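Colleague: I am new to this structure and should be grateful for a close look at a single part of it, namely the enclosed space inside the protein. Please describe that space, what surrounds it and where it stands within the chain as a whole.

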Amino acid sequence: MNDLQQLPALLLPWYEREKRDLPWREDKDPYHVWLSEIMLQQTRVEAVIGYYRRFLDALPTIRALAETDEETLLKLWEGLGYYNRARNLQKAAQVIAQQHGGAFPNTYDAIRALPGIGPYTAGAIGSICFDLPTPAVDGNVLRVFTRYCEDGSNIDKQTTKTAVAQTLRPVYRSPNCGAMTQALMELGATVCVPNGAPKCESCPLRGECKANKNGSWMFYPVRDTKKARKLVFKTVLVLQCGDRFAIRKRPKTGLLASLWEFPNADVAPTEQAVPDAAAQHALTFASNLGVQPTDLLLQTGYTHIFTHVEWHMTGYLIRCRRMPDGFLWVTKEQLEHEYALPSAFRPFWELAAGE
Ligand code: SF4
């Protein structure tokens with residue numbers, strides 16, 4: 001392995017010079033850092049900035065987060081996906097309010113013990129907010145590390161992440177622990193990039209990096225081979241009765257648990273393939289729900305990709321005469337401002353809202 005001890009000298013000046021101006025870097029408030037780290041999981045920086053500001057405008061303190069109602073919380077999270085992240089944020093805020101007097105805990109173990117906080121997030125908050133020597137090892141850091149050292153360990157294994165965190169620990173030195181975490185992440189996000197060739201010519205590690213010396217970056221990091229996603233085909237109904245639209249809550253467990261949705265059902269791919277037959281099937285489905293459909297107005301297709309599943313959906317806007325129980329019948333305004341509709345269903349709403 002090449003000399004990791006050189007990392008601070010190579011990385012920290014580069015980070016000070018090149019770091020992006022991001023709202024969660026304006027201070028070291030653990031609430032801000034924590035929120036940004038949770039939002040950034042699975043989501044691009046550019047997409048997170050607006051959500052981050054809006055969330056803090058609505059819930060400026062940990063106590064406000066602890067006390068807000070679930071509907072407000074999920075509405076603020078609408079479109080970010082992985083809604084359990086938001087629920088865990090609130091659970092952790094409640095623990096902080098009840099067990100820590102509202103002050104964010106300042107040891108790694110106490111941070112790690114909070115709901116929804118794994119080793120990576122605990123390391124990030126510990127190092128950035130409290131200057132603890134606790135490396136935060138995410139995909140960006142693993143990519144930089146494995147290329148720098150030509151380390152062929154499988155980064156999808158927890159043992160690899162733990163080993164990398166332990167190896168990096170000695171290069172975390174006060175008062176620069178937070179800057180080390182952020183420099184490694186920044187390098188992975190902007191220079192040693194995930195898709196396509198790394199920008200080695202502008203990397204501060206290029207003189208020491210083994211992958212750069214040997215032209216071997218494409219072999220690192222080593223990962224599990226991905227399993228193919230399961231394909232699910234669905235009919236989605238946007239049922240309109242007067243100025244009201246039908247939504248319902250999803251089951252309490254599983255994908256998009258307890259979130260709002262338009263009525264929908266799985267169908268065979270063959271049923272979706274013939275447009276007229278599929279539309280007839282949608283009308284029958286609506287009749288079976290007891291809404292007495294009068295017109296089928298519009299139809300659109302959309303594919304939503306989750307981590308392990310793809311939903312191939314065909315949605316229909318159907319006018320109807322009755323508003324049976326079993327649904328919440330809401331106005332456009334209510335759906336826009338009060339109820340969180342996951343991204344998977346958004347395109348159908350946009351279709352209906354534009355009508
Ligand atoms: S020199 Fe290239 S491969 Fe090595 S860490 Fe920098 S960007 Fe990545």
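Modeller: The model is a predicted one, and the description below should be read with that in mind.

Let us begin with the enclosed space itself. Two cavities of 30 Å³ or more are counted in the protein. The largest cavity holds about 130 Å³ of space, and the second largest cavity holds about 30 Å³.

The largest cavity has a lining of 15 residues. Those that lie nearest its centre are Arg 147, Cys 192, Cys 200, Cys 203 and Cys 209. Two elements give two or more residues to this lining, namely helix 9, which covers 139-149, and helix 12, which covers 210-214. Helix 9 provides the largest share, with three residues. In terms of residue class, the lining of the largest cavity consists of 12 nonpolar residues, one polar residue and two charged residues.

The largest cavity is also the place where the ligand sits. Around the ligand one finds Arg 147, Val 191, Cys 192, Pro 198, Cys 200, Cys 203, Arg 206, Cys 209 and Asn 212. This shell is made up of six nonpolar residues, one polar residue and two charged residues. Arg 147, Cys 192, Cys 200, Cys 203 and Cys 209 thus appear in the shell of the ligand and are also the residues that lie nearest the centre of the largest cavity.

The second largest cavity has another kind of lining to examine. Its walls are formed by Leu 4, Leu 7, Val 144, Phe 145, Tyr 148, Leu 168, Leu 184 and Leu 205. By class these are eight nonpolar residues, with no polar and no charged residues. Helix 9 again deserves attention, for it gives the most to the lining of the second largest cavity, with three residues. Helix 9 therefore links the two descriptions, as it also gives three residues, the largest share, to the lining of the largest cavity.

Some features of the backbone help to place these elements along the chain. Before helix 9 comes a loop that follows helix 8 (119-130), and Asp 131 is found in this loop. Although Asp 131 is not a glycine, its phi is positive, at about 55°. Farther along, Ser 174 and Pro 175 are joined by a cis peptide bond with an omega of about 5°. Pro 175 belongs to the loop between helix 10 (158-168) and helix 11 (177-190). A cis peptide bond also runs from Tyr 220 to Pro 221, with omega near -5°. Pro 221 is placed in the loop between helix 12 and strand 1, the latter covering 230-241.

Finally, the wider setting may be considered. The domain assignment divides the protein into domain 1 (4-219) and domain 2 (230-353). Their C-alpha centres are 37 Å apart. The two domains touch through nine residues of domain 1, which are in contact with 17 residues of domain 2.

Technical notes:
Residues are numbered from 1 along each chain as its sequence is written. This is a predicted model: local features need pLDDT of at least 70, side-chain atom pairs count only at pLDDT 80 or more; totals for chains, interfaces and linings use all residues. Side-chain values use heavy atoms; hydrogens and water are left out. On a 1 Å grid over the protein atoms alone, a cavity is a set of points where a 1.4 Å probe fits but cannot get out, and a pocket is an open set with protein on both sides within 12 Å along at least five of seven lines; lining residues have an atom within 4 Å of a point. Grid points are joined across faces, edges and corners, and a volume is the space filled by probe spheres set on the points. Helices (H or I, at least four residues) and strands (E, at least two) are DSSP runs, numbered from the N terminus. Ala, Val, Leu, Ile, Met, Phe, Trp, Tyr, Cys and Pro count as nonpolar, Asp, Glu, Lys and Arg as charged, and the others, Gly among them, as polar. A residue is near a molecule or strand if one of its heavy atoms lies within 4 Å of it. A molecule sits in a cavity or pocket if more than half of its atoms lie within 2 Å of its grid points. Domain bounds come from an automatic or database domain assignment. Contact means heavy atoms within 4.5 Å.
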